[in-house]
Amino acid sequence: MSTAIFSHPDCLKHDMGDWHPESPDRLQAIEDQLILARLDGLVERRLAPPAEEASILRNHTPGALALVRDHVPAAGEFYPLDADTILCHASYQAALRAAGAAVAATDAVMAGSIANAFCSVRPPGHHATPKEPMGFCLFNNVAIAARHALEVHGLERVAIVDFDVHHGNGTADAFRGDPRVLMASFFQHPFYPNSEPEPITATSVNVPVAARSGGDVVRELVRTQWLPALHAFRPQMVFISAGFDAHRDDDMGGMDLVEADYAWITREVMALAKEHAQGRIVSCLEGGYDLSSLGRSVVAHLKVLAELD
């Protein structure tokens with residue numbers, strides 16, 4: 001079996017303006033680094049299908065779906081959903097492809113045709129709550145895929161690991177109180193989206209960390225807080241909200257991770273998935289706005305997923 005990258009050219013067409021950090025250049029930067037690292041021919045490529053509305057509605061209300069679908073502006077125009085979450089003419093199709101990548105990757109991993117997958121897609125998803133888009137995110141790609149695994153494939157327990165610098169508030173909202181889903185994350189605090197720290201429970205291990213925290217802090221919390229909870233939970237599949245904006249070069253955040261830290265986290269998640277989940281992992285791109293560190297960090301993540309490092 002292999003590692004596959006799911007993506008689609010439609011994800012490049014979502015454009016919130018030249019000033020916006022969540023730009024099409026992000027995906028191109030990843031492609032450039034894959035070529036430089038000579039990984040391009042070592043991982044399978046799959047085109048993301050558009051998600052069906054039924055898949056979106058497993059996680060989002062009809063109103064949240066309509067807010068995106070029904071407000072797509074004419075070509076060359078923009079429709080602001082909030083100050084930094086903006087629709088262009090291609091946004092709805094891009095959002096369907098991003099969610100569709102996560103769903104298709106879940107199907108392929110469950111079928112055993114690939115070992116794991118990375119969805120190189122945008123817009124990102126982990127801030128999108130069941131009721132509304134926010135924070136650059138239109139639909140919550142990882143949450144949609146997790147619900148697909150539970151409700152279509154019949155899994156009983158899935159885990160979501162989120163290493164973006166920002167709290168995945170939309171994912172937390174989607175599964176709060178759901179015993180089938182364990183979410184484990186760290187996030188810079190205080191910071192956008194200004195979430196209050198949540199109590200640590202058997203299915204919610206979302207750990208706030210101070211600005212300037214580096215790999216030593218993150219590795220310790222993974223060892224002492226994430227991994228014991230994840231092993232006790234015994235997930236049958238693991239989803240990753242793979243944000244790379246906690247990198248020290250990314251001025252959208254204020255943490256000090258480097259590529260080796262992302263590789264280490266990925267290695268720990270891989271070991272967990274092999275022990276409990278037949279190795280099943282679907283990873284979806286979230287943040288990461290310094291183009292060079294984003295591309296390098298994705299390469300480090302993919303090398304571990306593909307067992308090339």
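This report walks through a predicted model of a protein, from its overall build down to a few single residues.

**The whole protein**

Let's start with the big picture. The protein has nine helices and 10 strands. If you drew a box around its C-alpha atoms along the principal axes, that box would be roughly 50 × 40 × 40 Å. A compact globule of 309 residues would have a radius of gyration near 19 Å, and the protein comes in at 17 Å, so the two agree.

What share of the 309 residues is buried? The figure is 61%. As for the outside, the accessible surface adds up to about 11400 Å², and carbon and sulfur atoms own 53% of that. The chain also brings far-off stretches together: take the contacts with a separation of 6 or more, and 74% of them are between residues 24 or more positions apart.

**Two helices side by side**

Now zoom in on a pair of helices. Two packed helices are described by the angle between their axes and the distance between the axes. For helix H7 (residues 215-233) and helix H8, the axes come within 11 Å and cross at roughly 10°. An angle under 35 degrees counts as roughly parallel, so H7 is roughly parallel to H8.

Which residues do the touching between H7 and H8? On the H7 side they include Val218, Val222, Trp226 and Leu230. On the H8 side, among them are Trp264, Ile265, Glu268 and Leu272. Sorted by class, the contact between H7 and H8 has nine nonpolar, three polar and five charged residues.

**Thr266, tucked into H8**

Stay with H8 for a moment, as it covers residues 259-276 and Thr266 is part of it. Is Thr266 buried or exposed? Thr266 has a relative accessible area of 1%, so it is buried. Leaving out residues up to four places away in sequence, Thr266 touches His301, Val304 and Leu305. Lys303 sits 37 residues from Thr266 in sequence, with 9.5 Å between their C-alpha atoms.

**Ser283, tucked into a strand**

Ser283 belongs to strand S10, which spans residues 281-285. Its relative accessibility is 0%, so Ser283 counts as buried. Again skipping residues up to four places away in sequence, Ser283 touches Ala117, Phe118, Cys119, Ile240, Ala242, His301 and Leu305. Compare the contacts of Thr266 and Ser283 and you'll find His301 and Leu305 in both lists. Ser283 and Phe239 are 44 residues apart in sequence, yet their C-alpha atoms are 5.6 Å apart in space.

Here are three residue pairs to look for in the structure.

| Residue pair | Apart in sequence | C-alpha to C-alpha |
|---|---|---|
| Thr266 and Lys303 | 37 residues | 9.5 Å |
| Ser283 and Phe239 | 44 residues | 5.6 Å |
| Arg176 and Val158 | 18 residues | 14 Å |

**A covered helix and an exposed arginine**

Helix H5 (residues 141-151) is mostly covered, with 10 of its 11 residues buried. Among those buried residues are Asn141, Val142, Ala143 and Ile144, and also Arg147 and His148.

Arg176 tells another story. You'll find Arg176 in the loop between helix H6 (169-175) and strand S7. The cut-off for exposed is over 50% relative accessible area, and Arg176 has 52%, so it is exposed.

**Some backbone oddities**

Let's finish with the backbone. Most residues other than glycine have a negative phi, and most peptide bonds are trans. This model has some exceptions you can look up.

Where are the cis bonds? One joins His189 and Pro190, with omega about 0°. Another joins Tyr192 and Pro193, with omega about 5°. Pro190 lies in the loop between strand S7 (181-188) and strand S8 (204-209), and Pro193 is in the loop between S7 and S8 as well.

Then there are two arginines with a positive phi. Arg212, in the loop between S8 and H7, has a phi of about 75°. Arg234, in the loop between H7 and strand S9 (238-242), has a phi of about 55°. Arg234 has 45% relative accessibility, so it counts as partly exposed.

Technical notes. Residues numbered from 1 in each chain as written. Predicted model: local features only at pLDDT ≥ 70, side-chain atom pairs only at ≥ 80, totals over all residues. Heavy atoms only, no water. Helix = DSSP H or I, 4+ residues; strand = E, 2+ residues; numbered from the N terminus. Buried < 20%, exposed > 50% of the residue type's maximum accessible area, 1.4 Å probe, protein only. Contact = heavy atoms within 4.5 Å. Axes fitted to C-alpha atoms, helices over the stretch in contact; angles between N-to-C directions. Parallel < 35°, antiparallel > 145°, perpendicular 65-115°, else oblique. Nonpolar A, V, L, I, M, F, W, Y, C, P; charged D, E, K, R; others polar. Rg over C-alpha atoms; globule rule 2.2 N^0.38 Å. Areas by Shrake-Rupley, 256 points an atom, 1.4 Å probe, with all protein chains shown as cover.
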